[in-house]
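Colleague: Could you take me through the backbone of this model, loops first and then one sheet? I'd love a close look.

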Amino acid sequence: MSASTNSVSSIRRRSGSPKDDIEDVEAPALQRLENTQRPSSFCPTMKNCSIPYLAAVVLFLAFCAWEYLPPKSITITESDFGFNLRSRGEVPTSSQPQCGIWMAPGSLRPYPGFGIYTTRDVKENEKFLHAPDAISVQVLEPHRYNNMPLEDERWRWWKLFQNYAWDNSVPDHSIYSHPLGDMTDFQPGFGSLPNHHCILNSLSSRSPDIPYDDEVVDRRTSPGLGAFSYTLGREWVSKRDVKAGEELFLSYGFCERTKEKNKWSWADKMYMPEDFEEAARIVKMFEPFGTQAWPKTNLTIARLIDPAANADPKLVYEILPKTTKELDMLVRAVDAHAFDEDAADEELLIQLALGVTEQRTPEWIRQNGMCLENLVPKKSTLPDAGWGGFAQYTIQKDDIIVPMPVFHMENYEILNLYRRDVNVLRDPEKYQIGKNLFLNYCFGRSESSMALCPLTSAVLVNHCGEQVNDGKCEANAKVRWSSGWDPSSHEWRNKTIEELGQHNARALSLELVATKTIAPGDEVFIDYGPEWEQAWIEHVKKWKAPKVPDNFLSAKKANLHNDSAIPDEMISFNLRKTVDHPYLFTGCFYRTGKADVNDTRYDTPNENWRNLTNKEIIRMYASDGSKHVHGRRGYQKHAMYSHWPCSVLFDQNDGTYIVRIHQSPIGGRYVPKAIWNQNKVPRILFNYPRSSIHFFVKPDVADHQMPNVFRHPIGLPDGIYPDHWNNKASLKQWTI
Ligand SMILES: C[S@@+](CC[C@H](N)C(=O)[O-])C[C@H]1O[C@@H](n2cnc3c(N)ncnc32)[C@H](O)[C@@H]1O
């Protein structure tokens, strides 16, 4: 395998699944696949297609991975894969001693790209980040459009992008109620970086307490309205105790080896939970777990593997300790849980899984990694810019502020938005209705169709330039190609845009570097360049403030209203009515569970349930909702499905409410089975905690959906794009 393919990050589209939720997680994800097939001659209609797009994710894993996972006894270093470890002094580093979260070469063998590491011990339930992560951006999926320009380019880009994005987002409007089509949630920052592991999975994500801020700029005066995302990124909480030096993994939900051979080619090669479980079964036969003495030969060890188990014998063999010394080390780690059998079993699996990864020390990570915590989001010091990136620690001149692995987009016109009710190809210009907000988060240049979209919190950094900011700020950082930590990026720069377009894995890396010493709390700025400035100046000239009704209620105000009481206008005060606000929708944490399937009260469809008396409605359709508490262990499960649309029906005047979870507007296709949902009867919850209710702007009236909002890629300085990417003159169609 070439160095370039190895350097591809193994970050994939994630379904955000806690390990114990695998069944539920995969079901909706798989249902969603139906709609993401590209029509082909084998697959005449979208509906009939069966190859899931997540298979592409899987192929990607196989692609960036391995001929075969190597035996445990072989030591693999990055240089075996064309990667030279960087040592301090060779290239600039981000070397903050306080930094606890780093990006460094991944620990899965062989090296599959970058991973995220902690250099702090993190206890179960503790937050990983000491400050909020970056924002999340709702991306209207550009490949879903038929009969629109650049269909091939859209699909090629989707194959790459889906590996970094989430099915659903902090406010689930992407999945529940977007009128135009499907949205994907992109979370540059922590959220698009963790690699997948079913056993070592330590990350659980949840919605931040205030997930949404639509008051970042003043809607009555700011031309920045709708030009950036109001949604903050997830909070990252540890599922277990994690030691300094561990790579932080997320489970994307692919944790069962498929029975259909070769359906997912990587499944036959990748370590699966069954492999670790079979290894654990064998280990437990021997002292001190069991009674037998550790076998003397490797052949004897191999013979212990049960061929009837759903495990891959070769992988089980690789996982198993080969010497009594290795076994002793395992025992010592598990011993700490001697009085809790379940915890000991879990620890055994974790230790076996760690045994087939590269072991990193915090010192190694600081030497070879780059800090991911330098930038934190806060309201920008510039009135129209939205969020900004602020330094959390002192950053020395020439230090890397944040690495920027980027994914490439061969033609950023794929982010043009068109009407969906007409054949756009007849007159694309006429039917264009705007541009995806995501364009504002990618770098581009006017001579080239290529855009580069960063995966890290670098997207928070605003522009400061001569013409637009009037001395209110000063650029203290710059963007350049990565300096040695991603050598294959250099090779990929020599490829043509077409070649890159065919490559559906990440290939290129930039970095953000301090041009001055930056103090903690300073906003970081770069210069987006004259074209961006010109576009902004023209936008400001043309921009007209939208009419804001006197009784306008922002989502932020609704969320923070009166010490967090629910505003009256967001309560229906009626068991039979839901709230229909012109601007806001209510989201309640809800995730279907046993009650949704087994509670026989919901078994009978009843479209006339409103004719029942209050008492009858409550007896038949209400339950105690007190357990749906945001953020407490045991109910972090909402993290996957996040908010369901709901209505607050009554205030119980004790900090809790009676809420009704709405029927899913998208039917059963994406949502797990729930009989009340199917039978069109209400699901009413009493004692529902305020902390689990949030307000969001309705997608169809969201600021970023308005016409005439600012859209322009971030400018890159001259000399960054190679000349052979300057293809615009030769492209027939170009509107930017
Ligand atoms: C890469 S994003 C930067 C982060 C963004 N401010 C946010 O809230 O997410 C680029 C967008 O930020 C806004 N922006 C950046 N610099 C600005 C400036 N100097 N003046 C006005 N808006 C700016 C523009 O909307 C631009 O399209």
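Modeller: Happy to! Helices are DSSP runs of H or I with at least four residues and strands are runs of E with at least two, both numbered from the N terminus. This is a predicted model, where local features need pLDDT of at least 70, side-chain atom pairs count only at pLDDT 80 or more, and totals for chains, interfaces and linings use all residues. Residues are numbered from 1 along each chain as its sequence is written.

Let's begin between helix 6 (273-283) and helix 7 (298-303), whose connecting loop holds Pro-288. The peptide bond leading into Pro-288 from Glu-287 is cis, its omega being near 0 degrees. Most peptide bonds are trans, and most residues other than glycine have a negative phi.

Phe-573 has a positive phi, near 50 degrees, and lies in the loop from helix 16 (555-564) to strand 22 (584-589). Phe-573 is exposed, as 11 other C-beta atoms lie within 10 Å. Asn-708 also has a positive phi, near 65 degrees, in the loop linking strand 27 (693-697) with strand 28 (714-715). With 14 such neighbours within 10 Å, Asn-708 is partly exposed. (C-beta atoms are placed from the backbone; 12 or fewer others within 10 Å means exposed, 20 or more buried, and in between partly exposed.)

Now the sheet: three strands form an open, antiparallel arrangement in the order 2-1-10, pairing meaning at least two DSSP bridges. Strand 2 (114-118) and strand 10 (370-371) are the edges; each has a single partner, so one side of each lacks a neighbour in the sheet. Strand 1 (residues 101-105) is joined to strand 10 by two bridges, and Trp-102 has Cys-371 of strand 10 as its bridge partner.
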